Amino acid sequence: MGEKRYIVQYDRIGCIGAAACVAALPEAWEMDEEGKAILKTSNDKGDQMFELEITEDQLEQHMEAAKACPVTVIHIIDKETGEKLI
Ligand code: SF4
């Protein structure tokens, strides 16, 4: 049985630059020169949507960062079922 996978989805258009994601998880998030967040090593899906595949052991820390975002532009999806966790 394979390890479960999740997709972190980031909608950059709505980012207000609060940097709460960076504070929660600096390993995955950083601020750019426009004052918006960058999800490190993510795939550019177009229209300022970015996705990063993570493993189950990374889920909790990514959930913390997603919950910290005041404008809820960070979402996490169960890759297998498509269920939206946040
Ligand atoms: S917490 Fe949300 S609004 Fe703030 S920088 Fe991160 S993605 Fe942008």
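Two residues are in contact if their C-beta atoms, placed from the backbone, lie within 7 Å. Keep that in mind as you look at Leu39, which, leaving aside its neighbours within four places in sequence, is in contact with Val8, Tyr10, Ala28, Trp29, Phe50 and Leu52. The structure above is a predicted model. This briefing visits its nonpolar core, its sheet, its ligand shell and a few single residues.

**The nonpolar core**

- Leu39 is a good place to start, as one of the residues that touch the most other members of the largest nonpolar core.
- That core has 18 residues, and Cys21, Trp29, Ala65 and Ile74 join Leu39 among those with the most contacts to other members.
- Which elements each supply at least two residues of this core? They are strand S1 (5-11), helix H1 (20-24), strand S3 (37-39), helix H2 (56-68) and strand S6 (74-78).
- S1 gives the most to this core, with three residues.
- As general background, nonpolar side chains tend to be buried together in soluble globular proteins.

**The sheet**

- Four strands make an open sheet in the order S4-S5-S1-S6, and their pairing is antiparallel.
- Why is one side of S4 and of S6 left without a neighbour in the sheet? Strand S4 (43-46) and S6 stand at the edges and each has a single partner strand, so one side of each has no neighbour there.
- On average, neighbouring strands of this sheet are turned by 30° against each other, with direction ignored.
- In general, strands of a sheet pair through backbone hydrogen bonds, either parallel or antiparallel.

**How the strands pair**

- S1 and S5 run antiparallel and are joined by seven bridges.
- S1 and S6 also run antiparallel, with five bridges joining them.
- Tyr6 lets you see both pairings: Tyr6 stands opposite Ile54 in S5, and the bridge partner of Tyr6 in S6 is Asp78.
- S4 and S5 pair over three bridges in the antiparallel sense, and Asp44 has Phe50 in S5 as its bridge partner.
- S4 and S5 form a hairpin, with two residues between them.

**Two residues with a positive phi**

- Here is a useful rule of thumb: most residues other than glycine have a negative phi.
- Asp47 has a positive phi of about 50° although it is not a glycine.
- Where is Asp47? Look in the loop between S4 and strand S5 (49-55).
- Asp47 counts as exposed because 8 other C-beta atoms lie within 10 Å, and the cut-off for exposed is 12 or fewer.
- Ala19 is not a glycine either, yet it has a positive phi of about 65°.
- You will find Ala19 in the loop between S1 and H1.
- Ala19 is partly exposed, with 18 other C-beta atoms within 10 Å.

**Around the ligand**

- Which residues come nearest to the ligand? Of the 13 residues around it, they are Cys15, Ala18, Cys21, Ala37 and Cys69.
- The shell around the ligand divides into 12 nonpolar residues, one polar residue and no charged ones.
- Cys21 appears twice in this briefing: Cys21 is among the residues nearest the ligand and is one of those touching the most other members of the core.

**Ala20: buried or exposed?**

- Ala20 lies in helix H1.
- Ala20 is buried, because 20 other C-beta atoms lie within 10 Å and the cut-off for buried is 20 or more.
- Leaving aside neighbours within four places in sequence, Ala20 is in contact with Ala68, Cys69 and Pro70.
- From Ala20 to Asp47 is 27 residues in sequence and 23 Å in space, C-alpha to C-alpha.

**Lys4 and Glu56**

- Lys4 lies in the segment before S1, while Glu56 lies in helix H2.
- These two residues are 52 residues apart in sequence and 5.6 Å apart in space, C-alpha to C-alpha.
- Not counting residues up to four places away in sequence, Glu56 touches Glu3 and Lys4.
- By the same count, Lys4 touches Glu56 and Glu80.
- Glu56 is exposed, with 10 other C-beta atoms within 10 Å, whereas Lys4 counts as partly exposed, with 14 C-beta neighbours inside 10 Å.
- Lys4 and Val71 are 67 residues apart in sequence and 27 Å apart in space, C-alpha to C-alpha.

Terms used. Residues are numbered from 1 along each chain as its sequence is written. This is a predicted model: local features need pLDDT of at least 70, side-chain atom pairs count only at pLDDT 80 or more; totals for chains, interfaces and linings use all residues. A residue is near a molecule or strand if its C-beta atom, placed from the backbone, lies within 6 Å of it. Ala, Val, Leu, Ile, Met, Phe, Trp, Tyr, Cys and Pro count as nonpolar, Asp, Glu, Lys and Arg as charged, and the others, Gly among them, as polar. A nonpolar core is a set of buried Ala, Val, Leu, Ile, Met, Phe, Trp, Tyr and Cys residues joined through C-beta atoms within 7 Å. Two strands pair if DSSP finds at least two bridges between them. Axes are lines fitted to C-alpha atoms, for helices over the stretch in contact, and angles run from 0 to 180 degrees between N-to-C directions.
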